[in-house]
Amino acid sequence: MSDDKQQGTDRGEKILREKVSDYKKAHPEALPELDYALMLKSLKRMNDASPVKIARNAFNEMREWIPGTATWNVGKVYLSDDNCVTFTVSHGDRVLTVEKLFDELHDIDKKLPLKSVPVQIELGEGNIVRATDIYAHSLVTSVWAGMPVDFVLCFTQEQKKTVEVPTDDE
């Protein structure tokens with residue numbers, strides 16, 4: 001690509017980012033709440049080989065992905081007693097793909113009374129949080145369409161601030 005074309009592309013991308021930023025500032029309430037139906041709709045746009053991941057605090061104040069955000073694999077997915085679709089975090093190497101997830105969701109679909117049920121993430125025994133966002137490069141730009149990219153369920157969790165205890169030396 002010539003330098004002129006590259007500069008035009010960069011300028012066009014900058015203008016697009018500014019327009020998206022302006023829209024987000026003007027319509028903060030316009031974002032749909034993540035539920036099972038929205039997750040399914042988004043999953044259908046993904047490549048079957050795409051890995052399903054989980055991330056904490058993955059977005060900045062402009063709702064853009066924070067580069068370097070840690071992701072974890074999904075251990076399993078199940079329907080909780082209160083009819084929420086719940087994903088567990090795995091620290092192992094087993095990767096759940098979109099294709100395998102659809103197989104697991106097939107049985108859950110039969111048991112769900114509605115499609116608009118919450119999506120949750122079980123972080124550990126008794127520690128369950130609501131999934132608030134989903135992210136995949138292919139949901140953001142068509143360049144990744146049809147390619148296997150991570151499909152990430154995101155949640156927000158405040159970090160516990162550590163208090164430094166002064167030592168006698170200070």
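**Exercise 1. Arg 130 and its salt bridge**

Task: In this predicted model, determine whether Arg 130 is buried, partly exposed or exposed, and identify the residue with which Arg 130 forms a salt bridge.

Solution.
Step 1. The relative accessibility of Arg 130 is 34%. Because buried means under 20% and exposed means over 50%, Arg 130 counts as partly exposed.
Step 2. The salt-bridge partner of Arg 130 is Glu 33, with the closest N and O atoms 2.9 Å apart. The pair joins distant parts of the chain: Glu 33 belongs to the loop between helix 1 (3–26) and helix 2 (36–43), Arg 130 belongs to strand 5 (residues 127–130), and 97 residues separate them.
Step 3. Glu 33 has a relative accessibility of 59% and therefore counts as exposed.

**Exercise 2. The salt bridge of Arg 94**

Task: State how many salt bridges the count comes to, and characterise the one that Arg 94 forms.

Solution.
Step 1. The count comes to two salt bridges.
Step 2. Arg 94 forms a salt bridge with Glu 104, and the closest N and O atoms are 3.7 Å apart. This value satisfies the cut-off, because a salt bridge requires the nitrogen to lie within 4 Å of the carboxyl oxygen.
Step 3. Arg 94 is placed in the loop between strand 3 (85–90) and helix 3, whereas Glu 104 is in helix 3; the two are 10 residues apart.
Step 4. Arg 94, at 43% relative accessibility, counts as partly exposed. Glu 104, at 27%, also counts as partly exposed.

**Exercise 3. Aromatic pairs of Tyr 135**

Task: Classify the aromatic pairs that Tyr 135 forms with Phe 59 and with Trp 65.

Solution.
Step 1. A pair of aromatic rings is described by the distance of the centres and the angle of the planes. The structure holds three aromatic pairs, and two of its members are treated here.
Step 2. For Phe 59 and Tyr 135, the centres are 6.1 Å apart and the planes make an angle of 70°. Planes over 60 degrees apart count as edge-to-face, so this pair is edge-to-face.
Step 3. Phe 59 is in the loop between strand 1 (52–56) and strand 2 (71–79), and Tyr 135 is in strand 6 (residues 133–135), 76 residues apart.
Step 4. For Trp 65 and Tyr 135, the values are 4.8 Å centre to centre and 20° between the planes. An angle under 30 degrees counts as stacked, so this pair is stacked.
Step 5. Trp 65 is also in the loop between strand 1 and strand 2, and 70 residues separate it from Tyr 135 in strand 6.
Step 6. Phe 59, Trp 65 and Tyr 135 form one aromatic cluster. Tyr 135 counts as buried, because its relative accessibility is 13%.

**Exercise 4. A patch of negative charge**

Task: Name the residues that gather in a patch of negative charge on the surface, and locate Asp 103.

Solution.
Step 1. The patch consists of Asp 48, Glu 99, Asp 103 and Asp 107.
Step 2. Asp 103 lies in helix 3 (residues 98–111).
Step 3. With a relative accessibility of 54%, Asp 103 counts as exposed.

**Exercise 5. The chain as a whole**

Task: Describe the secondary structure of the protein chain and give the percentage of its residues that count as buried.

Solution.
Step 1. The chain has four helices and seven strands.
Step 2. Along the sequence, these elements follow the pattern α-α-β-β-β-α-β-β-β-α-β.
Step 3. Of the 170 residues, 31% count as buried.

Note on methods
Residues are numbered from 1 along each chain as its sequence is written. This is a predicted model: local features need pLDDT of at least 70, side-chain atom pairs count only at pLDDT 80 or more; totals for chains, interfaces and linings use all residues. Side-chain values use heavy atoms; hydrogens and water are left out. Patches are made of residues with over 30% relative accessible area and no salt bridge: like charges are joined within 9 Å, nonpolar side chains (Val, Leu, Ile, Met, Phe, Trp, Tyr) within 5 Å. Accessible areas come from the Shrake-Rupley method with a 1.4 Å probe; for residues, only the protein chains shown count as cover. A salt bridge is a side-chain nitrogen of Lys or Arg within 4 Å of a carboxyl oxygen of Asp or Glu. Lys and Arg count as positive and Asp and Glu as negative; His and the chain ends are not counted. The place of a charge is taken as NZ of Lys, CZ of Arg, CG of Asp or CD of Glu. Buried means under 20% relative accessible area, exposed over 50%, partly exposed in between (1.4 Å probe, protein chains only). Rings of Phe, Tyr and Trp (its six-membered ring) pair if their centres lie within 6.5 Å; planes under 30 degrees apart count as stacked, over 60 as edge-to-face and the rest as tilted.
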